[in-house]
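Visitor: I should like to understand how the descriptive terms applied to a protein model are justified. Please take me through the reasoning.

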Amino acid sequence: MPGQSVRWGLPLAVSAALFTTGCQFFGDAGEGETDIAAMETDELVEHIVFESDSYRLDQPVQEGGSARGRMEQDDLQRACSVVGGELPDDQVQEVITLARESYEAPPGGPRLGDWERGAELARSGYGFRVGHRNDDHSTRTPGGNCYACHQMDPNEPIYGTIGPSLVGYGSGRGTDEASLRYAHEVISNPHQYFPCTEMPRFGANELLSEREISHIMAYLLDPESPVNQ
């Protein structure tokens with residue numbers, strides 16, 4: 001597989017933090033101060049995110065723990081955070097391997113749920129937001145926010161284009177075991193097929209439950225779903 005263009009992970013935090021904190025970062029370091037001008041990129045990122053007080057790392061998050069835990073990269077994220085934009089072929093394979101090792105099929109295999117509920121989840125961007133007003137998962141189920149990146153129902157007026165159009169996705173695929181498994185694998189951990197994609201790992205990171213994933217799969221694959229009309 002050829003090298004791929006990669007979006008940065010934590011390095012993107014540098015520009016955000018510099019924008020927030022201003023030019024003080026670029027002043028000459030005084031006695032006892034940290035000289036960030038002497039830092040390598042990875043070191044600078046770690047300093048800005050974890051040591052500069054640019055983020056509220058102590059705030060609680062919905063999955064338990066604090067925001068600090070969200071900012072700490074796992075092995076797959078570290079493999080994808082390549083400065084310069086090109087991922088070497090051996091690291092591409094490493095990402096795929098890590099993704100496949102973490103994948104777990106649901107008991108009994110993937111199944112289709114309710115496409116109408118899947119449509120609701122695909123449109124909903126609710127969940128996991130923290131800040132001045134945290135999303136409350138006890139009162140509302142997190143969504144998949146699929147329309148932020150994909151066109152699905154051809155009659156939906158607003159959708160993103162970061163990801164490919166999924167209009168008619170199930171029309172040419174059907175609902176056989178292979179189609180169900182592939183759809184589940186991509187939703188659960190898309191890095192198995194698209195290493196370093198911007199798509200979230202909905203199942204692997206427990207952003208959606210298996211039941212919710214089954215509903216979104218039905219929205220994509222069920223012949224009665226408006227996606228396939």
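## Terms and their grounds

Guide: In this predicted model, Arg117 forms a salt bridge with Glu120, with 2.8 Å between the closest N and O atoms.

Visitor: What makes the pair Arg117 and Glu120 a salt bridge?

Guide: The term requires a side-chain nitrogen of Lys or Arg within 4 Å of a carboxyl oxygen of Asp or Glu. The closest N and O atoms of Arg117 and Glu120 are 2.8 Å apart, so the pair qualifies. The two residues are 3 residues apart in helix 6, and therefore about one helical turn separates them.

Visitor: Why are Arg117 and Glu120 called partly exposed?

Guide: The class lies between the buried limit, under 20% relative accessible area, and the exposed limit, over 50%. Arg117 has a relative accessible area of 26% and Glu120 one of 47%, so both values fall in that interval.

Visitor: How do you know that Asp135 is buried?

Guide: The relative accessible area of Asp135 is 8%, and buried means under 20%, so Asp135 is buried. Its salt-bridge partner Arg129, with closest N and O atoms 2.8 Å apart, is partly exposed at 46%. Salt bridges with shared partners also join Arg123, Asp153 and Glu156 into one network.

Visitor: What separates Arg78 from Asp75 along helix 4?

Guide: They are 3 residues apart in helix 4 (residues 75–80), which means a separation of about one helical turn. Their closest N and O atoms are 2.4 Å apart, and they form a salt bridge. Arg78 is partly exposed at 44%, as is Asp75 at 45%.

Visitor: How do you know that the span of helix 8 agrees with expectation?

Guide: At 1.5 Å a residue, the 12 residues of helix 8 (residues 210–221) should span 16 Å, and the end C-alpha atoms are 16 Å apart, so the two values agree.

Visitor: Why is helix 8 called mostly covered?

Guide: In helix 8, 10 of the 12 residues are buried, among them Ile213, His215, Met217 and Tyr219. The buried residues of helix 8 pack against helix 6 (115–123) and helix 7 (177–188).

Visitor: What places the buried residues of helix 5 on the same side?

Guide: In helix 5, the buried residues are Val92, Val95, Ile96 and Ala99. They cover an arc of only 95 degrees around the axis, and therefore lie on the same side of helix 5. On the other side of helix 5, Asp90 and Glu101 are exposed.

Technical notes:
Residues are numbered from 1 along each chain as its sequence is written. This is a predicted model: local features need pLDDT of at least 70, side-chain atom pairs count only at pLDDT 80 or more; totals for chains, interfaces and linings use all residues. Side-chain values use heavy atoms; hydrogens and water are left out. Buried means under 20% relative accessible area, exposed over 50%, partly exposed in between (1.4 Å probe, protein chains only). Helices (H or I, at least four residues) and strands (E, at least two) are DSSP runs, numbered from the N terminus. The arc is that of the directions from the helix axis to the C-beta atoms. The expected span of a helix is 1.5 Å times one less than its number of residues. Contact means heavy atoms within 4.5 Å.
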